[in-house]
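Work through the exercises below with the sequence and the structure open. Try each task before you read its solution.

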Amino acid sequence: MSLRYNLRPSIAAATGLLLLTASQMSAADTPLDIGSRRELFVDDALVEELTGKAELRLHQPVPQEIAITHDSPWEGSASGYHSIFKDGDRYRMYYRGWNLTVEGGKLKSDGHPMFYCYAESKDGIHWIKPDLGLHEFRGSKANNIVMVGGPAGSMTLDMENAAFFRDDNLQAAPDARYKALAHSRKPNGLAAFKSADGLHWSLMSDAPVITAGAFDSQNIAFWDSVRGEYRAYWRYFTGGETTEKNWKPSGHRDIRMATSKDFIHWENQQNLSYADSPAEELYTNAVTPYHRAPHLLIGFPTRYIERGWSGSMRELPERGHRELRSKFADRYGTALTEGLFMASRDGVRFKRWNEAFLRPGIERPGTWFYGSHYLGWQIVETKSQMEGAPDELSFYATESYWTGASKSGALRRHTLRLDGFVSVQAPMSGGELITKPLTFKGARLTLNFATSAVGGVRVEIQDVNGKALPGFALNECDPLFGDTLERSVTWKNGADVTALAERPVRLRFALQDADVYSFQFTK
């Protein structure tokens, strides 16, 4: 699936070029200063026009191995809400341990309370569960439990949906280098935690720091280095009441955010809005700065839909268990979940792609269930399994969530090329993308792109009126072909674009059987 933009159809159809005079440019056409940062095509902020067969194409990650199986007695069938991040020379993972069963038409979750568990890896691919010796489970501390619920300050914590991160704020205190938000059931809200080592945790406030919301999903926060503030994103319902005394939600599930300077006092609470997407039930949000372009906030919300019983529903995996779950509540057997992708430049208004980013995939035991295919929070860069290939992005998503095929939940790794969420793409018949006016700093223009053996990419640099600048016309550009994360664009006179730096320009990309994922002016 793909989405095609054609934002200015009145522009000279004969040439496909923009022919605007400076006096016609509105305030919206004020050149965007991109400096030397990397830009991706995850929204239309830079896109003026697409012509020919060019379109913006959403890409999907590729399934890899099962990264970790939640088969310890304190983990169980309903392990979920994972947080994963790179921390120096190791990768850290935090996740909820919980067990759900249905017996006699009743949902049973009293096998043990919810815990938060910890795993780590040297490569993001092979994971271990260390014996931490921190919390007792059935008489033994030989486990990887890192946080437990219960009374804490004025709160009662339930450990249903905590989220953990490394705080890269240079002003963060040494004992707060790691932070987390955990759910307080009474009173309903989010509790703030800190840690010096990511293993030993203590409260930052005796009361919830955020209280306006439902919070019945993974509620996350992180340090936004570009804007110099903490940002939190959590679950709310668009109607009804969701307090510990009166739980009567209505409307639909959605996402709310706020900002903070100290992780304790939160302000600027706003509900997220979407550029061109319908109202949908969104469970998690998984918003995070993209590490290679941190001015872009990307999210991977989980879409939830109740499809009811039908011929196709009965053909999905594990029909018997699906019917068993429905005896408690029909939606537990007939609801489905999958991962979406969205992006924002202000953290409030998002371009949300309506096509699935992570589909449930080929039918097999443990899939196509409510609770499966939740993308863990944060993505990490890992080594490719192909010898000699560059690093790639790793995503982690739940499978076998509370199913009959397995008594244990699982987490599968998925991969995508760096910057590979969305590309501007054209077939062999060709297509072009022209950007809005922008200014840059740097000496070379580099692209992350892929072509076929006969395809190619060329770039023209124009003035704001759509006229090719001398020496940078399309017919002077050396065609680029190959498949690489970074290659300089060259023209007949070379690759140096220093003379155009800080001058308003447009970029014209001409593609044949090619994808361009990102571009950057480098020093």
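**Exercise 1: Two faces of a strand**

Ala-335, Thr-337 and Gly-339 point one way from S29, Leu-336 and Glu-338 point the other way, and all are buried. The model is a predicted one.

Task: Why do the residues of a strand split into two sets, and how many residues of S29 are buried?

Solution.
- Step 1. Start with the general rule. Side chains in a regular strand alternate between the two faces of the sheet.
- Step 2. Apply the cut-off. A residue is buried when its relative accessible area is under 20%.
- Step 3. Count. Strand S29 covers residues 335-339, and five of its five residues are buried. The strand is mostly covered.

**Exercise 2: Neighbours of S29**

Task: Find which strand is joined to S29 by five bridges, and place S29 in its sheet.

Solution.
- Step 1. Find the partner. Strand S28, residues 302-306, is joined to S29 by five bridges. The two strands run antiparallel.
- Step 2. Match residues across the pair. Ile-305 is opposite Leu-336 of S29. Tyr-304 is opposite Thr-337 of S29.
- Step 3. Set the order. The open sheet has three strands, S25-S28-S29, with antiparallel pairing. Its edge strands are S25 (281-282) and S29, and each pairs on one side only.

**Exercise 3: A four-strand sheet**

Task: In the open sheet that contains S6 and S34, say which strands stand at the edges.

Solution.
- Step 1. Write the order. Four strands make up this open sheet, as S6-S34-S33-S32, and the pairing is antiparallel.
- Step 2. Read off the ends. S6 (62-70) and S32 (380-382) stand at the edges. Each has a single partner strand, so one side of each has no neighbour in the sheet.
- Step 3. Add the twist. From one strand to the next it averages 40°.
- Step 4. Check the pair. S6 and S34 (residues 409-417) run antiparallel and are joined by six bridges. His-70 has Gly-409 in S34 as its bridge partner.

**Exercise 4: One threonine**

Task: Is Thr-435 buried or exposed? Which backbone nitrogen lies 2.9 Å from a polar atom of its side chain?

Solution.
- Step 1. Locate the residue. Thr-435 belongs to strand S36, residues 431-435.
- Step 2. Classify. Thr-435 counts as buried because its relative accessibility is 0%.
- Step 3. Name the contact. The backbone nitrogen of Leu-507 lies 2.9 Å from a polar side-chain atom of Thr-435.

Conventions. Residues numbered from 1 in each chain as written. Predicted model: local features only at pLDDT ≥ 70, side-chain atom pairs only at ≥ 80, totals over all residues. Heavy atoms only, no water. Buried < 20%, exposed > 50% of the residue type's maximum accessible area, 1.4 Å probe, protein only. Pairing = 2+ DSSP bridges. Axes fitted to C-alpha atoms, helices over the stretch in contact; angles between N-to-C directions. Polar contact = N/O pair within 3.5 Å; in protein donor to acceptor, adjacent residues only side chain to side chain.
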